[in-house]
Amino acid sequence: METKSKLVKRAKKGDSQAFQMLIHEEKEKMYKMAYMYMRNEDDALEVFQESLYKALNSINTLKNNEYFSTWLMRILINTAIAALKKKQKLVSISNEIFNQIENTEHLRIEEHLDLLQAMEEIEEKYKTVLLLRFYQDYSVKQIAAFLDCPEGTVKTNIRRGLDLLRTKLKGVYYDDRQNFIV
């Protein structure tokens with residue numbers, strides 16, 4: 001199997017098979033992220049396809065082959081945000097997303113609903129970094145590259161987003177570590 005860097009080089013030269021191989025590795029993450037933004041399958045697929053089209057047409061603009069995944073995800077996020085603005089929708093997360101996220105399986109249904117409601121009420125910039133960090137498991141550095149902003153801004157938005165969620169959920173759940181109601 002070729003390295004990702006070699007596949008990116010081939011794709012930049014117009015090799016559609018190499019591009020398909022690269023996309024095959026990224027498609028699941030891309031679709032999940034599109035679905036988190038769009039909240040329904042049809043819109044998520046549309047954003048996914050439009051992102052692939054944009055990536056294929058602009059692959060020559062990729063400066064560092066090592067950041068193909070980051071570059072691709074950034075295209076997808078920007079496409080999703082543009083689609084939401086175009087439709088003048090509010091970005092929100094459906095309960096189905098939480099069912100798909102393996103890390104939240106231990107939560108009871110009430111916690112799902114409360115977290116869902118709290119996530120719907122926070123600003124998009126906080127929601128985006130929280131989704132990328134905790135549900136897609138990206139590093140702060142990767143998120144900064146996706147969003148084209150400083151790492152410090154990402155850290156600040158993560159902290160503020162968590163603080164907002166904590167405030168919205170305050171008094172609802174007992175925190176075992178600190179032995180008091182959050």
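Trainee: Why is P150 called exposed or buried?

Mentor: P150 has a relative accessible area of 52%. Exposed means over 50%, buried under 20%, and partly exposed in between, with a 1.4 Å probe and protein chains only. P150 is therefore exposed. P150 lies in the loop between α8 and α9. P150 and V140 are 10 residues apart in sequence and 9.5 Å apart in space, C-alpha to C-alpha.

Trainee: What kind of model is this?

Mentor: This is a predicted model, where local features need pLDDT of at least 70, side-chain atom pairs count only at pLDDT 80 or more, and totals for chains, interfaces and linings use all residues. Residues are numbered from 1 along each chain as its sequence is written, and side-chain values use heavy atoms, leaving out hydrogens and water.

Trainee: Why is N157 called buried or exposed?

Mentor: The relative accessible area of N157 is 10%, so N157 is buried. N157 lies in helix α9.

Trainee: What does N157 contact, leaving aside its neighbours within four places in sequence?

Mentor: K125, Y126 and V129. Contact means heavy atoms within 4.5 Å.

Trainee: What makes α7 and α9 roughly parallel or roughly perpendicular?

Mentor: Their axes come within 8 Å and cross at roughly 100°. Axes are lines fitted to C-alpha atoms, for helices over the stretch in contact, and angles run from 0 to 180 degrees between N-to-C directions. Under 35 degrees counts as roughly parallel, over 145 as roughly antiparallel, 65 to 115 as roughly perpendicular, the rest as oblique. So α7 and α9 are roughly perpendicular to each other.

Trainee: Which residues make the contact?

Mentor: On α7, they include Y126, V129 and F134; on α9, they include N157, I158 and L162. By class, the contact has 9 nonpolar, 2 polar and 3 charged residues.

Trainee: How many residues has the largest nonpolar core?

Mentor: The largest nonpolar core has 50 residues. Such a core is a set of buried Ala, Val, Leu, Ile, Met, Phe, Trp, Tyr and Cys residues joined through side-chain atoms within 4.5 Å. Those with the most contacts inside the core are Y37, M38, F68, W71, M73 and I77. Among the helices that each supply at least two residues of this core are α2 (16–38), α4 (68–87) and α9 (151–168). Not counting residues up to four places away in sequence, I77 touches M33, Y37, L132, F146 and L147.

Trainee: How many helices and strands are in the chain?

Mentor: The chain has 9 helices and 2 strands. Helices (H or I, at least four residues) and strands (E, at least two) are DSSP runs, numbered from the N terminus. Buried residues make up 42% of the 182 residues.

Definitions and conventions:
Nonpolar A, V, L, I, M, F, W, Y, C, P; charged D, E, K, R; others polar.
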